[in-house]
Amino acid sequence: MERVGDDMIFEEILSRLPAKVVCRFKCVSKQWCYELSTPKFVFIHARRVGNSIQKKLLSLKENSIVVDDIVAGNLEEDTSKIVTFPYDVHPSFLRIICSFNGLILVCIKRSYSELVLWNPTTRRFKLISDDYFIRHFGRHNDTGGMYFDEDNDLKVLHINCYFDKLTARVYSRRHDTWRQINFLSGTQLASNFYSWSPGIYSDKKIYFMVSNYWIPPGERNIVAFDVISESFSILRFPEHMEVNPCQGHFLTISNKLHVIVVQYAGELIADLVKYEHDDWIKVFSFNRARIVHHLESQQRTNIIQENKWLITSIWGDTVEVVLCNIQHVDNYNGPKGALFLETIVSPFD
């Protein structure tokens, strides 16, 4: 063991263990607690966990918060566990903004709004909202995303649409501060007619689906946020999404951005398309996409069951698609459910 060395023990052996086991090893000694908490070890551990086909699915149910095991894109039976949110808040007052590297960004919707960075695995959490969040956090007019900058500082992007004005702000975990950044000029995306999807991270960008339900009907935009330059741009839609009415839902597969496209063109059609080399490539069509009528609204959490993924459309329908032979879905989330990794990434710097 003396010849093995500390680097081998921590970086090559302990970094391969599950997050909860790593947390227990922190109790071995002060040195181990320090070594297992360094940014380098946390990064190596999160990278190894990210390559696993095993994920967790957190769902906000009607009266509880449930975590299930997801293996190779399939929900495992009899693995459901009820978890406790850090604050005494009923699940109906919670909304998931995004999931990133084991952290989940949750909004508490009350007479005012609060943003919480939460690691469900380690149970550590941090309230990051400031006085700006006294405004009501609506379902369709606020969104966000998370990322690491070039200095390994965790950043939280928050976008707020309020009285036709869009405000984009970035939070720094290291400095525990917010600052405002510029958004695209000359757009109407702050209007109440538009609905913003949760943000999804892929290849140093955060993507949002921005849909206009009313004028003109079915207008859709893909807004991309570059985490390096901290600038916004609008991507063109794939040709498959030019049919009205139509809805798109982001997910990442093997760290590549994909969209599940659901559209009505005389019949229900669902396709999976991939964004690669600045172009959209159709992967395949879902053979058995169908509308599920028997689900109550509180059950529409984009949950995965027997490889069947539920998508809530802009018309209020719940569409079921079967993700056959797709084993490495990295990220997919909605207001009431999100995939996440079991990591030791801390809400604190």
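1. In this predicted model, Lys282 and Asp271 form a salt bridge whose closest N and O atoms are 3.9 Å apart. Lys282 belongs to strand β21 (residues 279-285) and Asp271 to strand β20 (residues 268-276), so the contact ties together parts that are 11 residues apart in sequence. The partners may be set side by side in terms of accessibility: Lys282 is partly exposed at 41%, whereas Asp271 is buried at 3%.

2. Salt bridges with shared partners join Glu12, Arg16 and Arg48 into one network. A search of the whole structure returns 15 salt bridges.

3. Lys40 pairs with Glu11 in a salt bridge, with 3.0 Å between the closest N and O atoms. Because Lys40 sits in helix α4 (residues 39-50) and Glu11 in helix α1 (residues 6-13), this salt bridge ties together parts that are 29 residues apart in sequence. Lys40 itself is exposed, its relative accessible area being 51%; the cut-off for that class is over 50%.

4. A further salt bridge is formed by Asp130 and Arg169, with the closest N and O atoms 2.7 Å apart. Asp130 is located in the loop between β8 (124-127) and β9 (142-148), and Arg169 in strand β11 (residues 165-172); the pair thus links distant parts of the chain, 39 residues apart. Asp130 is partly exposed, with a relative accessibility of 29%. Arg169 has a relative accessibility of 10% and is therefore buried, the limit for that class being under 20%.

Definitions and conventions:
Residues are numbered from 1 along each chain as its sequence is written. This is a predicted model: local features need pLDDT of at least 70, side-chain atom pairs count only at pLDDT 80 or more; totals for chains, interfaces and linings use all residues. Side-chain values use heavy atoms; hydrogens and water are left out. A salt bridge is a side-chain nitrogen of Lys or Arg within 4 Å of a carboxyl oxygen of Asp or Glu. Helices (H or I, at least four residues) and strands (E, at least two) are DSSP runs, numbered from the N terminus. Buried means under 20% relative accessible area, exposed over 50%, partly exposed in between (1.4 Å probe, protein chains only).
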